[in-house]
Every structure is written in C-alpha cells, then in structure tokens.
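Student: I'm new to this one, and I'd like a close look at a single part. Could you walk me through the largest cavity and what lines it?

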Amino acid sequence: MDPPHEADATMDDSLPPEPGTASQRLLRLTQHATEAGSVSFDELLATMGRASIAFAILILSLPALTPIPGPFGLVFGSCLAIVSLQILAGYRRIRLPAFLGRRQISASTIALIVRYTTPLVSRVETLLRRNRMRHLAGPRAQVALGLPVLLLAIAVALPIPFGNFLPVGALVMIALGLMERDGLVTMLGLALGAVALIASAGLVFAAMQGLGWVIGP
C-alpha cells in the first residue's frame, strides 16, 4: 500500500465535480465495459481516471441492490470493507488485494448494475449543493468516516433478505456528499447509516431467534 502522505487518487486533488457527475461516470463505465467485454475490480476503480475514495465507496456499494445471482453482496461488501480500513489508516490511494483486483465482471453485469442503481444515484444528486458545509466532507472528515463505512460494508455483506437497501442508500449519500463536498448530505448519509445498522441488527437478531440460536429469558 502507498503511505498516507501520497496524494494520488485523493478526494482533494481537484475541485469537486459538477452535480450529476456520478451518473455520468456510471454511464461511461458501462460504455467502457461494453467495449472491453469485461472489467476487473481494479479497472472499476481506475476507469474514470484518478478515481477518488468517494467514487470507490459508490461503485462498490451499488451492486448489492442489483438482482444478480451469486454472492455479490458478500464480494462487493468485502471489497468495501477493505476500502474502509484503508480510509481509517489514512491511505489516499485505494488498492485491492491482487486476488480481488483481478476478478472480472462482465459487461452485461455492469450494465445491469448501472440500470438498476442510476435512479437512486440521480435522486440523491438532486439533494446536492457543492461546497455546502464542506468542512464536514473534506479530507479530515473522510478519515472519521472509515468506521461507519466499515460497519455499513459488513451490513451489505450479510445475507439478509431485503436488508441491503438502507445500508447502500446511506453509502450512496456519504459517497456523493464527499464527491461534491456537501457536508449536509454526508451527515444525512451517516444518520441514515445509523438507522440502517439498527435495522440490520434487528433483522439478524430476528433471524437468529427464528433459527433457535437465541435463548429467550
């Protein structure tokens, strides 16, 4: 991993993008995947050029909402957990372990993810105001977000039926808030994340109780 002082692929190496840029990036990602036939996880983070940590959070959380066969919530949630640990450590360049970074995703899967999740991203984008309360969405605040992102990544990875929407919604708000330096939307994402974690904990407890793993009083 690169040391924390390196500024490659940082949130603060350029001005935040104009509102709507996240949706445009997702569409460009679909075009790139279609041309290439498939993309690796490393390419997911690098296709857009100098991909920021915020975009990494966004692109790794969205697949959990998509009805794709297989343990995609577990795979992408694990990747997101790795990203969150790097955020906590102060790293500013995202790198996945080689066995994950080389994993290929087909163009059809990418297209399905973007088709299902662009409406959610677009709705959150309507709330954004660039540089609003920016001190709550700057590089220093980013480090403090590592723990909530880690907890939400764990919630995404859990095989809970219908349990991904709130955690992913929170992660999308946090990611877009960071991309636009909108501290208010970032804080709203954290608030939604707290609700999501409580709901996920309740669903896990209910599932354990239903399986008889919880002994009542």
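Tutor: Let's start with the word itself: a cavity here is a set of grid points where a 1.4 Å probe fits but cannot get out. Keep in mind that this is a predicted model. With that meaning in hand, the structure turns out to hold one cavity of 30 Å³ or more. The volume of the largest cavity comes to about 40 Å³.

So who sits around that space? Going along the chain, the lining begins with Leu29, Leu44 and Ile59, carries on with Pro63 and Phe76, and ends with Ile110, Ile113 and Val114. Sort those lining residues by type and you get eight nonpolar, no polar and no charged. Helix 6, which covers residues 107–125, gives the most to the lining, with three residues.

Now zoom out a bit to see what surrounds this spot. The chain has 10 helices and two strands. Read from the N terminus, the order is α-β-α-α-α-α-β-α-α-α-α-α. Of the 217 residues in the chain, 49% are buried, where buried stands for under 20% relative accessible area. Contacts tell you how the chain comes together: among those with a separation of 6 or more, 78% are between residues 24 or more positions apart. As for the outside, the chain exposes about 10300 Å², and 65% of that is supplied by carbon and sulfur atoms.

Back at the cavity, try finding Ile110, Ile113 and Val114 in the view, then look for the other lining residues, including Leu29 and Phe76.

How values were computed:
Residues numbered from 1 in each chain as written. Predicted model: local features only at pLDDT ≥ 70, side-chain atom pairs only at ≥ 80, totals over all residues. Heavy atoms only, no water. 1 Å grid on protein atoms, 1.4 Å probe; cavity = no way out; pocket = protein on both sides within 12 Å on 5 of 7 lines; lining within 4 Å. Points joined across faces, edges and corners; volume = space filled by probe spheres on them. Helix = DSSP H or I, 4+ residues; strand = E, 2+ residues; numbered from the N terminus. Nonpolar A, V, L, I, M, F, W, Y, C, P; charged D, E, K, R; others polar. Buried < 20%, exposed > 50% of the residue type's maximum accessible area, 1.4 Å probe, protein only. Contact = heavy atoms within 4.5 Å. Areas by Shrake-Rupley, 256 points an atom, 1.4 Å probe, with all protein chains shown as cover.
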